[in-house]
Amino acid sequence: MKYRPDILIIRDILNAIDDEGVTISSIISRARIPHDRLKVKINQMIDSGLILEFNDGERRKYKLTRKGWEARIKINEMVLFLKELGLID
Amino acid sequence: MLEVTALHLITPLFRATFMAILIVILLYIIKFFYEGYKYFKTKMLLALISAFLLIIVGASINLSLSLYGHYLIFVEELKVDGLSYHHIGNILYSIFLMCGFLFLIAFNMFSRWIGVSKPVSYLILLIGGIELLYNVEIAINAIVLFELIFILINVAVSSPTHAVVGRFMVIIGLLLLISSRVLMLFPFIPVTDMFSSMMEVAGFSGLIVLKQDVSLLVRAGEGELVEV
């Protein structure tokens, strides 16, 4: 499997989360990341205020905070910048 | 014996001015990475910030020594000493630039190959380390030239994104930096010194265009931009 730098993993996780909130299994399939690794990243993002965890009925969901949206824009800019410089694939 | 002309005497101040502009450009790029680093403490962003900081340190040393050289030439009337300080500043800038680019290349190797071939990437880093030992001006310029060509090839072969304008400007910028280095292969000629100073600044400006281009693209994609 091709190596994916940390910055791309974070970008994929943030891009997998939308306004209404998504379940952890949706993030796993959209961001293509194993559950255990995702859980660590999600917890870090919750701690830094990028993601909000909430209950939707019986399901636990995640959505982006305002800070999360700003971070998502920033990371997408940086990934594009680095791609154009040929520093990441 | 080198004949000192009037053109030689103004090169330190000329160089210092362009180094000041270059520092502003590089600070803008570092600010961009630092804003990202505040959100995500990744090693990749730290490595990029360090690489650009190295170039800023080099440019600051060049700025200071060229200014001091200008002072010696016009206030103390020590022409040869002034030009020597300016020249040492140029060499130190080249060394820091070489280290900064080496950092970028090493970072690029790891980010691409770390999951595929660690021994190969370690070997290239080792060769890069040996490069640092060649502390002669022409050799440094040749190494920087080689690094720039490597980065240019890397940019050219990487899969294109929608940031077409940014990519174009980065390629133009790298070509200017390469031209600047070719000129620096002939030190002590005032015209090459002055042109290389301008090209250095113009070359790094390509990064600002790329930054603006990716910002526009991403923000338009996220619906952040509104028509006016």
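The following dialogue explains how terms such as cavity, contact and salt bridge apply to this predicted model.

Guide: In this predicted model local features need pLDDT of at least 70 and side-chain atom pairs count only at pLDDT 80 or more, while totals for chains, interfaces and linings use all residues. Residues are numbered from 1 along each chain as its sequence is written, chains are lettered from A and ligands numbered from 1 in the order in which they are written, and side-chain values use heavy atoms, with hydrogens and water left out.

Visitor: What makes an empty space a cavity?

Guide: On a 1 Å grid over the protein atoms alone, a cavity is a set of points where a 1.4 Å probe fits but cannot get out. A search of the whole structure finds two cavities of 30 Å³ or more. The largest has a volume of about 210 Å³, and the second largest has about 60 Å³; a volume is the space filled by probe spheres set on the grid points, which are joined across faces, edges and corners.

Visitor: Which residues line the largest cavity?

Guide: Lining residues have an atom within 4 Å of a point. There are 18 of them, and Leu85(A), Leu104(B), Ile151(B), Leu174(B) and Leu207(B) lie nearest the centre. Helices H3 (79-113), H5 (137-157), H6 (164-184) and H7 (190-221) of chain B each give two or more residues to this lining; helices are DSSP runs (H or I, at least four residues), numbered from the N terminus.

Visitor: How many residues of each class line the two cavities?

Guide: Ala, Val, Leu, Ile, Met, Phe, Trp, Tyr, Cys and Pro count as nonpolar, Asp, Glu, Lys and Arg as charged, and the others, Gly among them, as polar. By that division the largest cavity has 13 nonpolar, five polar and no charged residues. The second largest has six nonpolar, three polar and two charged; its lining includes Glu137(B) and Asp193(B).

Visitor: How many residues of chain A and chain B are in contact?

Guide: Contact means heavy atoms within 4.5 Å, and 29 residues of chain A are in contact with 37 residues of chain B. The chains bury about 3000 Å² between them, 70% of it on carbon and sulfur atoms; buried area is the accessible area (1.4 Å probe) that two parts lose on being put together, summed over both. In chain A, Phe81(A), Glu84(A) and Leu87(A) lose the most area to chain B.

Visitor: Why is the pair Glu84(A) and Arg167(B) called a salt bridge?

Guide: The term requires a side-chain nitrogen of Lys or Arg within 4 Å of a carboxyl oxygen of Asp or Glu. The side chains of Glu84(A) and Arg167(B) meet at 2.7 Å, N to O, so the pair satisfies the rule. The count between chain A and chain B is three, and over all chains it comes to 14.

Visitor: What does the salt bridge of Lys41(A) and Asp6(A) tie together?

Guide: This pair meets at 3.0 Å, N to O. Lys41(A) lies in helix H3 (residues 35-47) of chain A and Asp6(A) in helix H1 of chain A, so the pair ties together parts that are 35 residues apart in sequence.

Definitions and conventions
1 Å grid on protein atoms, 1.4 Å probe; cavity = no way out; pocket = protein on both sides within 12 Å on 5 of 7 lines; lining within 4 Å.
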